[in-house]
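Reader: Please take a close look at the surroundings of the ligand and follow them into the neighbouring parts of the fold. A plain account will do.

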Amino acid sequence: MAEVEPDGGRAPVLRLDDATIGFHGRTLWQDLSLDLVPGEFLAVLGPNGSGKSTLLKVLLGLQRLNSGRVEIAGRPARRGSSRVGYIPQQQTLPVETPLRARDLIAMGLDGHRFGLRTRPRALQATVDQLLEDVGATDYAEMPVGLLSGGEQQRLRAAQALASDPDVLLCDEPLHSLDLHHQQAVTELIRRQAQERDAAVVFVTHEINPVIEHVDRVLYFARGQYRIGTPEEVIRSEVLSELYDSPVDVIEHRGRLVIMADHVEGDHCHVDHGGVL
Ligand SMILES: Nc1ncnc2c1ncn2[C@@H]1O[C@H](COP(=O)(O)OP(=O)(O)O)[C@@H](O)[C@H]1O
Ligand SMILES: [Mg+2]
């Protein structure tokens, strides 16, 4: 159960306090303070190179801050925490990887919750359920290196969820998935937040597939950030100020469409529903 703070509110499970990070003299983001309580769903948006994946690495304890603090469940973030699940940004596994699809998911099972006394049959049932949840039953016995990028991505989502994490960090988990599988993976992540009370940090290029589940948005650009509800942040005035150039946000058939002119001669770039 989540701890309760003296004032009756829920204790944050993830906390950044005045956090700053950069490389080689370039600041990616600075003075970022953020608390997430159990069950909260945060979407992280921003252009390429704005530090979204780096944020997840900080939360995983893989990347040190230049200054500030990062805590998971009240302790400094550290590598290998069994309370944290991670869906990495897509990379393709080598063809010769000596694992079947079901092995990849089984690797995510947490030894503390599924200790040595757990019967192998129970482990298999968990893996089978996760395979089904991400629509991977048909390729359960296949060597992972022979699967498509999208098929591998669905297994990574299942692996991250296998240990029933309290904090779920997702780096563009819908990338290269078709609509049907986007919905399946989104549903799994939503359940982890709403039914299992996990705090979710969801890096995405596209807000629309998850917008109905999002509590807050963290938007990075030009070394700055804005945070708030989607209605507060994804607005023309807010994004124009963040980018220091005109950005239009319009709602079209229930979707948010973000448009910007990138002046390159008379070239006009329109970005449909994505992030600049
Ligand atoms: N360990 C590192 N050393 C040096 N530069 C890094 C390191 N990690 C990330 N960067 C740089 O920081 C910037 C932001 O990277 P990243 O967080 O991956 O961006 P995003 O996920 O928003 O596209 C990039 O320019 C990247 O090259
Ligand atoms: Mg990234």
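Author:
**The shell around ligand 1**

Helix H1, residues 52–59, is the element that gives the most to the shell around ligand 1, contributing three residues. The model is a predicted one. Around the ligand stand Phe23, Leu28, Gly46 and Asn48, together with Gly49, Ser50, Gly51, Lys52, Ser53 and Thr54. By character, seven residues of this shell are polar, two are nonpolar and one is charged.

The range of helix H1 runs to residue 59, and Leu59 leads into the nonpolar interior. Leu59 is among the residues of the largest nonpolar core that touch the most other members; the others in that group are Ala158, Val167, Leu169, Cys170, Val200 and Phe202. The core counts 68 residues. Domain 1 (14–234) and domain 2 (235–276) each supply at least three residues to this core.

Which residues does Leu59 contact, leaving aside its neighbours within four places in sequence? They are Leu14, Val70, Ile72, Ala77, Leu169 and Val201.

Ile72 in turn leads to a sheet. Strand E4 covers residues 67–72 and is joined to E5 by two bridges, the two strands running antiparallel. Opposite Ile72 stands Arg75 in E5. The sheet is open and has four strands, ordered E2-E1-E4-E5, with antiparallel pairing. Its edges are strand E2 (26–36) and strand E5 (75–76), each of which pairs on one side only. In general, strands of a sheet pair through hydrogen bonds of the backbone, in a parallel or an antiparallel way.

The sheet also leads back to the ligand: Leu28, one of the residues around ligand 1, falls within the range of edge strand E2 (26–36).

Notes: Residues numbered from 1 in each chain as written. Chains lettered and ligands numbered in written order. Predicted model: local features only at pLDDT ≥ 70, side-chain atom pairs only at ≥ 80, totals over all residues. Near = placed C-beta within 6 Å. Nonpolar A, V, L, I, M, F, W, Y, C, P; charged D, E, K, R; others polar. Core = buried A, V, L, I, M, F, W, Y, C linked by C-beta atoms within 7 Å. Buried ≥ 20, exposed ≤ 12 C-beta atoms within 10 Å, placed from the backbone. Domains from an automatic or database assignment. Contact = placed C-beta atoms within 7 Å. Pairing = 2+ DSSP bridges.
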